[in-house]
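Biologist: Hello! I am new to looking at protein structures, and I would like a close look at one single part. Could we put the model on the screen before I ask?

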Amino acid sequence: MEHHGNRVNFGSKLGAILAAAGSAVGLGNIWRFPYETGNHGGAAFILIYLGCILLFGLPIMMAEFVIGRRSKASTGGAYEKLAPGTHWKWVGYLGVLTGFLILGYYSVVAGWTLEYLFQAVTGGFAHKDAAGFIQMFTQFSQDPFRPLLWLFIFMFMTHLVIVRGVKDGIEKSSKVLMPILFILVIVLGICSVMLPGAEKGINFLLNPDFSKVNADVFLGAMGQAFFSLSLGMGCLSTYASYFGKETRLGHTALSVGVIDTLVAVLAGLIIFPAAFSVGIQPDSGPSLIFITLPNVFQLAFGDMPFVAAACSAAFYLLLALAALTSTISLHEVSTAFLHERFHFTRGRAATLITTGCLIIGIVSSLALGEWSSYTIGGLNMFDALDYLTAKVMLPVAGMLAAIFVGWVLDKKILQEEVTNHGHLKVSYYPLLRFILRYLSPISILMIFLNELGFFK
Ligand code: PHE
């Protein structure tokens, strides 16, 4: 195992990229991106989303990498190390809190993927039509017990990897899971665009209708960019604290950004042709992938039930794996924080976090059924947590990370980290600094102000 000081590192540059990509690629790409795209009108949302990735997604990823690798600490301690005695440490703590909250409700959806995998394998999808799949999802997600069972199982799986540690747990699992996931997405995308009536879905994805663009669309695209790239909660900065000194930050950020965007667009290509082909509304929200996919395979291979079940099983397996590499990264942020800050053993820290997240998970799961009448600002607790974390907490902390690296951190540090202490020739350094100082914070601020109605 490679040690720097007494801190464990990822074993290779590729390991670092795959671990970061494993964190980024997840339910955010395959479950959340399609339904946000569907809710916000399709192609125009995607264009704005791509703009967000360039304007602040990739630059803030670089900022987090710099913070993490330079401080060699998890996000909870990184700011304190780089700017001792200042209030910047609160940005780190905010990240830990955000990750903890996201992990809670994210694991609920991750649990759903296991139920659907189970149903696919045990023949639960056979002889159902669109109405049947809608009913199946509603019944399942509102059930007070069954989703909780899968939530427990999923949290337990995450817990096991975390306890195994950085190199044996996180790096090894990402190296195996990421390539499998990529192949599955491509195969399923090809299947979906070949369905009868798929053109409408492709059209929805590629032909922008700007008349539908309003403040919510911008806020949604910004939230999605942060969520999908795992930014704004110090997840990637915590991973970067395990990067070796030869890891190229710019190259890694670009690879992660490209992989993450490709998987999201491919997921769109799986879902929308399929949804339009069977007449399911693109704005059916969080249930979108759970009602569309099994239905499509059912229709496409109706006379070959085994093939239909195998396709569904492959899809939900893919989703479960993608979710697992992300829950691992979410968990790692808080676990590493407790481990470093309060000197708990990793096992003890992980147990505390797992327990806390289970409680949040239980609340958000029940919020979709028994407790749906408890609302905050018109949103049930599940949706409220998603809104608060993705659309508020992540962008706020991301903006502060950009300001920190752009204005507070010595510019020599930024240059040293980006060029690996002068070993790399990096022509984009002045541009990156300019974006972090001005473009990223200002554009994020404008999106917030726009949402609050300042530009009306
Ligand atoms: N990026 C992950 C996904 O797309 C979710 C995530 C968000 C993970 C924030 C870590 C931090 O599913």
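Biologist: Which element gives the largest share of the lining of the second largest cavity? Please take me slowly through that cavity and the helices around it.

Modeller: Happy to! The answer is α16, which supplies three residues, the largest share of that lining. Please keep in mind that this is a predicted model.

Let us begin with the whole chain and then move inwards. The chain holds 18 helices and four strands. Its C-alpha atoms fill a box of roughly 65 × 50 × 45 Å along the principal axes. For 456 residues, a compact globule would have a radius of gyration near 23 Å, and the chain's value of 21 Å agrees with that.

Now to the empty spaces inside. Counting cavities of 30 Å³ or more gives two. Yours, the second largest, has a volume of about 70 Å³. Its lining includes Glu64, Thr75, Tyr79, Val91 and Gly95. Further along the sequence, Gly232, Met233, Gly234 and Ser237 line this cavity too, and so do Ala397, Gly398 and Ala401. The elements that each give two or more residues to this lining are α4, α5 and α16, the last of which spans residues 381-408. Sorted by class, the lining has five nonpolar, six polar and one charged residues.

Two of those elements, α4 and α5, also meet each other. A pair of packed helices can be described by the angle between their axes and the distance between the axes. For α4 and α5, the axes come within 7 Å and cross at roughly 175°. Angles over 145 degrees count as roughly antiparallel, so α4 is roughly antiparallel to α5. On the α4 side of the contact are Thr75, Gly76, Tyr79 and Glu80, and on the α5 side are Lys89, Val91, Gly92, Tyr93 and Val96. Look for Thr75, Tyr79 and Val91 here: they belong to this contact and to the lining of your cavity. By class, the α4 and α5 contact has four nonpolar, three polar and two charged residues.

Helix α4 (residues 75-82) has another neighbour to look at, helix α3 (residues 43-71): their axes come within 9 Å and cross at roughly 80°. That angle makes α3 roughly perpendicular to α4. Here Ile67, Arg70 and Ser71 of α3 touch Ala78, Tyr79, Lys81 and Leu82 of α4. The residues of this contact are four nonpolar, one polar and two charged. Tyr79 is worth colouring on your screen, as it takes part in the contact with α3, in the contact with α5 and in the cavity lining.

To finish, let us set the other cavity beside yours. The largest cavity has a volume of about 140 Å³. Of the 17 residues lining it, Ser23, Tyr106, Phe227, Ser230 and Leu330 are the closest to its centre. Among the elements that supply at least two residues each to its lining are α5 (89-121) and α14 (305-342), and α14 gives the largest share, three residues. The lining of the largest cavity has nine nonpolar, eight polar and no charged residues, whereas yours includes one charged residue. Helix α5 is thus a handy landmark, as this helix gives residues to the lining of the largest cavity and to that of the second largest.

Technical notes. Residues are numbered from 1 along each chain as its sequence is written. This is a predicted model: local features need pLDDT of at least 70, side-chain atom pairs count only at pLDDT 80 or more; totals for chains, interfaces and linings use all residues. Side-chain values use heavy atoms; hydrogens and water are left out. Axes are lines fitted to C-alpha atoms, for helices over the stretch in contact, and angles run from 0 to 180 degrees between N-to-C directions. Angles under 35 degrees count as roughly parallel, over 145 as roughly antiparallel, 65 to 115 as roughly perpendicular and the rest as oblique. Contact means heavy atoms within 4.5 Å. Ala, Val, Leu, Ile, Met, Phe, Trp, Tyr, Cys and Pro count as nonpolar, Asp, Glu, Lys and Arg as charged, and the others, Gly among them, as polar. On a 1 Å grid over the protein atoms alone, a cavity is a set of points where a 1.4 Å probe fits but cannot get out, and a pocket is an open set with protein on both sides within 12 Å along at least five of seven lines; lining residues have an atom within 4 Å of a point. Grid points are joined across faces, edges and corners, and a volume is the space filled by probe spheres set on the points. The radius of gyration is taken over C-alpha atoms; the globule rule is 2.2 Å times the number of residues to the power 0.38.
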